[in-house]
Each structure stands twice: as structure tokens, then as C-alpha cells.
Amino acid sequence: MVDVVISEFMDAAAVETLTQRYAVHFDAALVEDRERLLSMGRGVRALIVRNRTRVDEALLARFPDLEAVGRLGVGLDNIDVARCQERGIAVLPATGGNASAVAEYVITGLLMLRRGAYHSTAAVLDGDWPRQALVGHESQGCVLGLVGFGGIAREVARRAQALGMSVIAFDPFADPSDPAWQMAEHIETIESLLARSDGVSLHVPLTEQTRHLIDTEAIASMRPGSVLINTARGGIVDESALADALCEGRIGGALLDVFECEPLPADSDLTRASACNLVLTPHVAGVTHESNVNISAMTARDVSRVLEGNA
Ligand SMILES: O=C(O)[C@H](O)COP(=O)(O)O
């Protein structure tokens, strides 16, 4: 009988901690084989996933004894949280465990997109020396606009301030009296944030309200030459509208780590903007060796707490 199923990659030390107390089935390839995952649900008390395992109604029906879903990350859009609540299943995100990883990724991306000097390997190897074409912008003194001002955005703000940027943020849900606002100017509307920012970074969950928040109209209100970074969730940016804006040179570049459809389909709209200071990565902003250790330890601890509490 298995107590805990882990369907995506997790740090070995945390798996070992769980194995000392419970019968654990750890198979990072399970996410690719849904039928096999569903077939092992009976008797399982905890399921541990990253962002690719769909913990939906169909899966929950096949795990009748589930007490906890550990999420090795922060976003919960792959989990039917409402259904879990109805069933009394604890949903356990590793909040904060990958915040530094994402914050460092965002700052690196912003510096890289604004400087624009890092796409020259092929040219230099070819004997070209395109110095004048690669004169970019410094980021000291620029305005960084954060859409959403939760934990990860605050880590970004702290680093941006240390580099001499001015930080502004839009977040209708963040308490305006929170001392964290000392790091960022509070902006009332997303339009004014977009109009003032040299770089925009998204830090909101994907909901019906945020789907295509960055659409043609929003992109039109961005400063000419400004850059966009999305490490939050794919559906927040209208990829076709972004590709148009990049191709027409209306904005200066974009870094996307998340997409409407992952992996990206071969006919993605983004293909046509590939030469326009566009950088794409496969949903790795939050994934470092250090964050993997952090979030795995947090998840093992939280799952154990629930299982022990219910024992
Ligand atoms: O929500 C998150 O924390 C990110 O999507 C990273 O999650 P993952 O490491 O499970 O992909």
C-alpha cells in the first residue's frame, strides 16, 4: 500500500525524509503517464506535484483517500482547489520557496533585454564586430513597473532598488499601509503603470480577471522601447498581440518563461518575433538547485504535518 505518490521531480533528500515515515512512490515520469497515475490512487493519502500534473475532478475521483496535495511551487492553476476544499483535502503550496530564484531571473532578464548585447555569439564567431548595433541601455535610473505586489514582486523590488532603479507597482489587493510599499510607488491603474515603465514584470496569478490582461490595448499603452517580462502564467499575455508589437518595434523586447500552451506549439505566434529581442525559456524562472531543495523540504514538512495531524 502506498501512502505518498510524487509525480514530478523533487529533491532526493526531501524524498528520503518522507520515505523514512511513509510508503512513498516517487516517479518523476508519472506526470507523462496519466493513466498509470490514476490507476494507483486508491489508498494514497498524499499526492505531491509540480505544475504539470492536473489535479482535477477526474484525478481526485480516483484518489478517494487523499488528505493532502503538496505543490512543489506556488501557482495553483493546475489544481482544482475548490474541489479539494469540498473534500477536506489540504492544498499545500511552497510559498516563498522559489522567490529568490524568480526575482534573480527577472532582474537578469531586465538587464539583458535593455542592454541588448547578448545575441551576438554567432556574429562574433563569424568574424563580425557589430559594436555600434549593440549599444544598449543601462538600467540604473530606469523605472521598473510591477504588476502585482506579492512576495515575489517584493523580492524583485528589493533587488531593483539596490541597482538604482525606481520601482512602481500596481496591486489593487495589496494593503496600501503595508511597509513593503516603501520599496515601490503605489500606482492606481495598470494603464498609468504601463505608461511610466521602462520595464514591466508580471506577478499575478492566472484568473478570469487576469487572462489576457496584457492585450493589444495594454501593450499600446506601454512606453515605446520598453520591455516586458512574464514569469507568472502564460495566459496573462496575449501572445499574438505581443508578437505584433515586437515585430512592429513598438516595444523593445520581451522575456517569456510561461506560455498559454506549454510546451509551445510549433505554430506559435511568437515564432514571427524570434529576431526581435525576444527571449523564451521553458518555465524555469523558479527552478534552481537551491529552490528545489527549499520547496522540496517545505513540501515534505507540510505534507508530513497534515498526515500526522490526521493519523
Ligand atoms: O508556481 C510556481 O512556483 C512555478 O510555476 C514553478 O513551479 P514548478 O517548479 O512546479 O514548475
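Q: What counts as a nonpolar core here?
A: Take buried Ala, Val, Leu, Ile, Met, Phe, Trp, Tyr and Cys residues (buried being under 20% relative accessible area with a 1.4 Å probe, protein chains only). Join them through side-chain atoms within 4.5 Å, and each such set is a nonpolar core.

Q: Which element gives the largest share of the largest nonpolar core?
A: This is a predicted model, where local features need pLDDT of at least 70, side-chain atom pairs count only at pLDDT 80 or more, and totals for chains, interfaces and linings use all residues. Residues are numbered from 1 along each chain as its sequence is written, and side-chain values use heavy atoms, leaving out hydrogens and water. The largest core has 31 residues, with Leu-202, Ile-214, Leu-228 and Leu-242 having the most contacts inside it. Its largest share, five residues, comes from α10.

Q: Which strands stand at the edges of the open sheet?
A: Helices (H or I, at least four residues) and strands (E, at least two) are DSSP runs numbered from the N terminus, and two strands pair if DSSP finds at least two bridges between them. The seven strands pair in parallel, in the order β8-β7-β6-β9-β10-β11-β12. Two of them have a single partner each, so one side is left without a neighbour: β8 (185-186) and β12 (278-280).

Q: Which residue in β7 does Leu-144 stand opposite?
A: Strands β6 (residues 143-147) and β7 (residues 166-170) run parallel, joined by five bridges. Opposite Leu-144, β7 places Val-167.

Conventions: Buried means under 20% relative accessible area, exposed over 50%, partly exposed in between (1.4 Å probe, protein chains only).
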